[in-house]
Amino acid sequence: MRLPPDLIADLRLSDLAAEPLWPSALVAGAAHYADSAPRDMRSPIDHALLGSYAPASAGLVNHAVEAAHGAFLKWRTVPAPLRGELVRRIGEQIRQRKQALASLITLEAGKISSEAEGEVQECIDICDFAVGLSRQLHGLTIASERPSHRMMEQWQPLGAVGVITAFNFPMAVWAWNAMLALVCGNAVVWKPSEKTPLCAIALQRLVESTIDEMTESVPAHLCQLVLGEREAGERLAAHPLLPLLSATGSTRMGRTVAQAVAARLGRSLLELGGNNALIVAPTADLEMALRAIVFSAAGTAGQRCTSLRRLIVHESLVDTLCQRLAQAFESLPIGHPGAEGTLVGPLVDAEAYWAMQQALQAAEQQGGQRLAGGNRLEQGVPDHGYYVRPALVKVPGNLPIVMEETFAPILYLMPYSELQDAIDLNNAVSQGLSSAIFTDSVREAETFLGPAGSDCGIANVNIGTSGAEIGGAFGGDKDTGGGRESGSDAWRNYMRRTTNTVNYGTALPLAQGVKFEV
């Protein structure tokens with residue numbers, strides 16, 4: 001199976017799809033093809049072949065970075081509201097092709113239709129957010145201790161920004177970074193996951209066409225795309241012309257990226273692993289909690305960084321919730337992600353399936369009890385895809401396997417007796433991305449949100465761990481990497497700060513009363 005012809009036409013990819021191979025890179029407005037061995041692109045739905053591409057060479061990666069740097073030198077002086085106009089038009093192009101882009105996400109990443117459409121909507125939303133931001137890139141005016149002096153802070157464009165994204169959000173995470181980077185006056189070099197290159201090619205062509213429509217005010221080649229695996233990412237991390245590298249993926253990948261970027265004293269913005277927990281307190285609304293738990297644990301087949309991995313339940317509710325969740329997991333509609341009514345699609349590949357099976361085996365060996373799911377479905381689903389029933393495993397606490405993040409729909413359920421015990425369990429893992437509590441107690445909610453509560457970058461009350469809005473800064477601490485993307489003041493990651501002092505008087509007083517007469 002190749003890409004459907006109507007989808008190719010809707011996304012304006014006909015010229016590229018005519019080639020035996022998809023390009024290795026889209027650089028300086030042209031498609032480039034590397035000489036390396038091609039890699040097959042297969043759909044997680046049924047393992048059908050979508051095409052192939054050859055990973056970009058070191059020369060292509062360098063060409064992309066140099067082209068972006070050259071564009072940045074021109075773009076940085078363009079007024080920020082005009083930069084916002086480019087992003088507004090990109091958002092309109094995405095809006096016009098929302099259904100086609102969502103269909104491509106479903107085909108290449110295996111997301112159910114509503115989640116795929118939600119991801120494209122997230123791209124549109126961040127464009128809207130960035131457009132407003134383009135008129136609010138503000139600094140501070142600071143009182144000076146010297147007479148007839150004005151002191152202020154300004155935020156200036158940073159440079160060309162490298163962006164490495166993961167397969168589970170093949171479009172939205174790029175938009176988080178690229179749209180903010182563009183309004184901040186930067187250029188972008190994007191290396192997507194090797195599992196979802198077509199999503200990246202489609203968006204890159206859309207951006208290129210939008211830039212081409214604004215040639216009088218927008219320099220060419222602001223955004224570059226290189227396809228590849230680990231080596232391409234390592235080349236971006238080491239490149240001196242990328243002052244910032246934003247990387248989303250595993251903690252292991254993040255450590256490698258951070259060390260390479262730090263070695264050249266660059267900046268890294270990391271969104272890494274999550275081992276997210278939700279506490280169910282005695283006063284919780286169980287009907288509402290159940291819905292949040294099932295979506296957080298099973299949505300996107302458990303392949304979100306914010307997916308719920310650990311459910312910490314008050315001992316008085318354990319039996320009730322175990323029974324309700326086991327029934328819910330067993331009844332979830334699982335199948336082709338494009339089919340109406342499907343709530344859980346496939347795992348991304350065989351590697352994800354076998355990692356899930358190994359984790360379940362380890363959990364049982366360490367004292368866990370599987371209550372539901374974990375099995376691969378063979379009937380009523382497309383052949384050759386890895387469709388699994390979400391697993392519910394009752395554990396006595398944070399077993400060694402529970403301390404690890406398995407990127408699959410496994411929910412570990414553990415009891416607690418006192419709130420502080422639950423908070424300690426929440427905080428005991430090395431990751432610190434998302435967390436939640438269901439309670440009707442103001443004291444419990446505020447304790448969980450307070451300085452002695454959850455140590456995660458996201459802490460919610462009476463909603464699940466998944467489904468962040470673009471208005472709030474997204475990210476976490478500890479092994480999650482410490483990065484913050486999307487809303488709030490995340491734009492500051494993409495700019496450099498200067499402190500300016502202006503002397504509008506006729507004397508030259510020195511700070512701190514220093515005397516230096518010449």
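Start by selecting Cys123 and Cys127 in this predicted model. Show their side chains and find the sulfur atoms. The cysteine sulfur closest to that of Cys123 belongs to Cys127, and the gap of 7.1 Å is too far for a bond. A disulfide is a covalent bond between the sulfur atoms of two cysteines. To count here, the two sulfurs would have to lie within 2.5 Å.

Keep Cys123 selected and switch on the surface. Is Cys123 buried or exposed? Its relative accessibility is 0%, so Cys123 counts as buried.

Now add Cys199 to your selection. For the sulfur of Cys199, the closest cysteine sulfur is the one in Cys123, at 9.7 Å, which is again too far for a bond. Cys199 is buried as well, with 0% relative accessible area. How many disulfides does the count give? It comes to 0.

Cys199 also leads to the next stop, since this residue of α8 takes part in the contact with α5. Select helix α5, residues 98-109, and helix α8, residues 197-212. Their axes are 9 Å apart, and the helices pack at an angle of about 160 degrees. Angles over 145 degrees count as roughly antiparallel, so that is the word for α5 and α8. Turn the view to look at the crossing: α5 passes α8 in a right-handed way.

Finally, show the side chains where the helices meet. From α5, pick Leu101, Leu104, Ile105 and Glu108; from α8, pick Pro197, Leu198, Cys199, Ala202, Leu203 and Leu206. Colour them by type and you will find 9 nonpolar residues, no polar ones and 1 charged.

How values were computed: Residues numbered from 1 in each chain as written. Predicted model: local features only at pLDDT ≥ 70, side-chain atom pairs only at ≥ 80, totals over all residues. Heavy atoms only, no water. Axes fitted to C-alpha atoms, helices over the stretch in contact; angles between N-to-C directions. Helix = DSSP H or I, 4+ residues; strand = E, 2+ residues; numbered from the N terminus. Parallel < 35°, antiparallel > 145°, perpendicular 65-115°, else oblique. Left-handed = near helix turned anticlockwise from the far one by under 90°. Contact = heavy atoms within 4.5 Å. Nonpolar A, V, L, I, M, F, W, Y, C, P; charged D, E, K, R; others polar. Buried < 20%, exposed > 50% of the residue type's maximum accessible area, 1.4 Å probe, protein only.
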